[in-house]
Amino acid sequence: MRPLTPLAALAALAALAALATVTACGGPTGTEASKGAKGTVTVRIPDPGNAGVLARGKKDGSLDKALAAVGAEVAWTGSAGPFAPAAQAMNADQLDIATGSITSGITSLSQSPGFAFFTATDPDPVGEGILVREGSDIASVKDLVGRKVAVNKGGTGEYLLLKALARAGVPADKVERVYLRPDQTAAVFNAGQVDAWAVWSTYAVAEIGSGKAHFVADGTAIGSDNYSLNAVRSEFAEQHPEVVKALYRYLHANSAKEKQDPAAYLNVFTDAGPTAVNGKAKEVQIGFTREGGTVDPIGPEDIKRFETVARFYADQKVTPNKVDIAAHLLDIEKLS
């Protein structure tokens, strides 16, 4: 999933640009979009790129087979990316499924959501954290006092930083948050314009794999409750529960296979170019995946941890109030 704002002056433009990427393929919306040839239900999902369960399912046809069994087919719409624009696309009836973190999910839920979450993947113990450059004099979270740390506003990065500071007993206002889009941060980080980067595996793998950076605190050290979640457009779930359940079953079974054999889910379409992971970075990614979780139903213990994140975000003034996340969760095993 795991799914993803620049400086405040550009926030609105960035959101619109990302939304355009998610919905780039265009086409009809609503009931018209969900019905294909001969009554087949079309489920719109962001293109998975070159890695992961959905990428492999796209290539080998196994996802098509699983969906066909319930009278559905997939339409790859735009490309996977930040969850905030994907949430906007679901709200606008331009997307049916998206993956994101509980942290970005909470901020999106604070804005009249038209989606709900139906799966949970445990927080990443080793693939997310506070990244610093090799040779940095930052040896602990407490050393971040007076420093600049890059984060994505309202998402995983801001959560990880705030959570790390709270756990270390460091007041949040003692560290400068620099709000950047994750895909624009690597150059800033490597140029030394920020001292650290609160980030997750999607972007951390390349930095750690290059041998030029390391985590000063990972998800375990931070005590992260940053689950990865799959979201579905609410109306789609109401109209096609059997499709949502089929998609869950596919993701659950194949995420377990990915955990056992991570290499088979990397470089699915190409082992060259900017989307490929090779060398040390590939080893890092394989290690992260083996330590990660699988796609599972949302259980009572998960909900308690979701509520903890929602309360933390309200206490930290990331959201104006505590978001009622429990009102936007689906029990996949009872969906009908």
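The questions below concern helix H7, its packing against helix H14, and the residue Ser234 in a predicted model.

Q: How many of the 13 residues of H7 are buried, and is the helix largely enclosed or not?
A: Helix H7 covers residues 156-168 and reaches 18 Å from its first C-alpha to its last, close to the 18 Å expected at 1.5 Å a residue. Its buried residues include Thr156, Tyr159, Leu162 and Leu165. H7 is largely enclosed by the rest of the structure, because the number of its residues that are buried is 10 of the 13.

Q: Is H7 roughly parallel or roughly perpendicular to H14?
A: The two helices, H14 being residues 300-315, pack with their axes 11 Å apart and at an angle of about 85°. Since angles of 65 to 115 degrees fall in one class, the orientation of H7 to H14 is roughly perpendicular.

Q: Which residues in H14 do Tyr159, Leu162, Lys163 and Ala166 in H7 meet?
A: By class, the contact of H7 with H14 has 6 nonpolar residues, 1 charged residue and no polar ones. On the H14 side, the residues met by these four are Val309, Phe312 and Tyr313.

Q: Is Ser234 buried or partly exposed?
A: Ser234 lies in helix H11, residues 234-239, and, leaving aside residues up to four places away in sequence, touches Gly114, Phe115 and Ala116. Buried would require under 20% relative accessible area. Ser234 has 24% relative accessibility and therefore counts as partly exposed.

Q: How far apart in space are Ser234 and Pro113, C-alpha to C-alpha?
A: In sequence, Ser234 and Pro113 are 121 residues apart. In space, their C-alpha to C-alpha separation is 8.8 Å.

Terms used
Residues are numbered from 1 along each chain as its sequence is written. This is a predicted model: local features need pLDDT of at least 70, side-chain atom pairs count only at pLDDT 80 or more; totals for chains, interfaces and linings use all residues. Side-chain values use heavy atoms; hydrogens and water are left out. The expected span of a helix is 1.5 Å times one less than its number of residues. Buried means under 20% relative accessible area, exposed over 50%, partly exposed in between (1.4 Å probe, protein chains only). Axes are lines fitted to C-alpha atoms, for helices over the stretch in contact, and angles run from 0 to 180 degrees between N-to-C directions. Angles under 35 degrees count as roughly parallel, over 145 as roughly antiparallel, 65 to 115 as roughly perpendicular and the rest as oblique. Contact means heavy atoms within 4.5 Å. Ala, Val, Leu, Ile, Met, Phe, Trp, Tyr, Cys and Pro count as nonpolar, Asp, Glu, Lys and Arg as charged, and the others, Gly among them, as polar.
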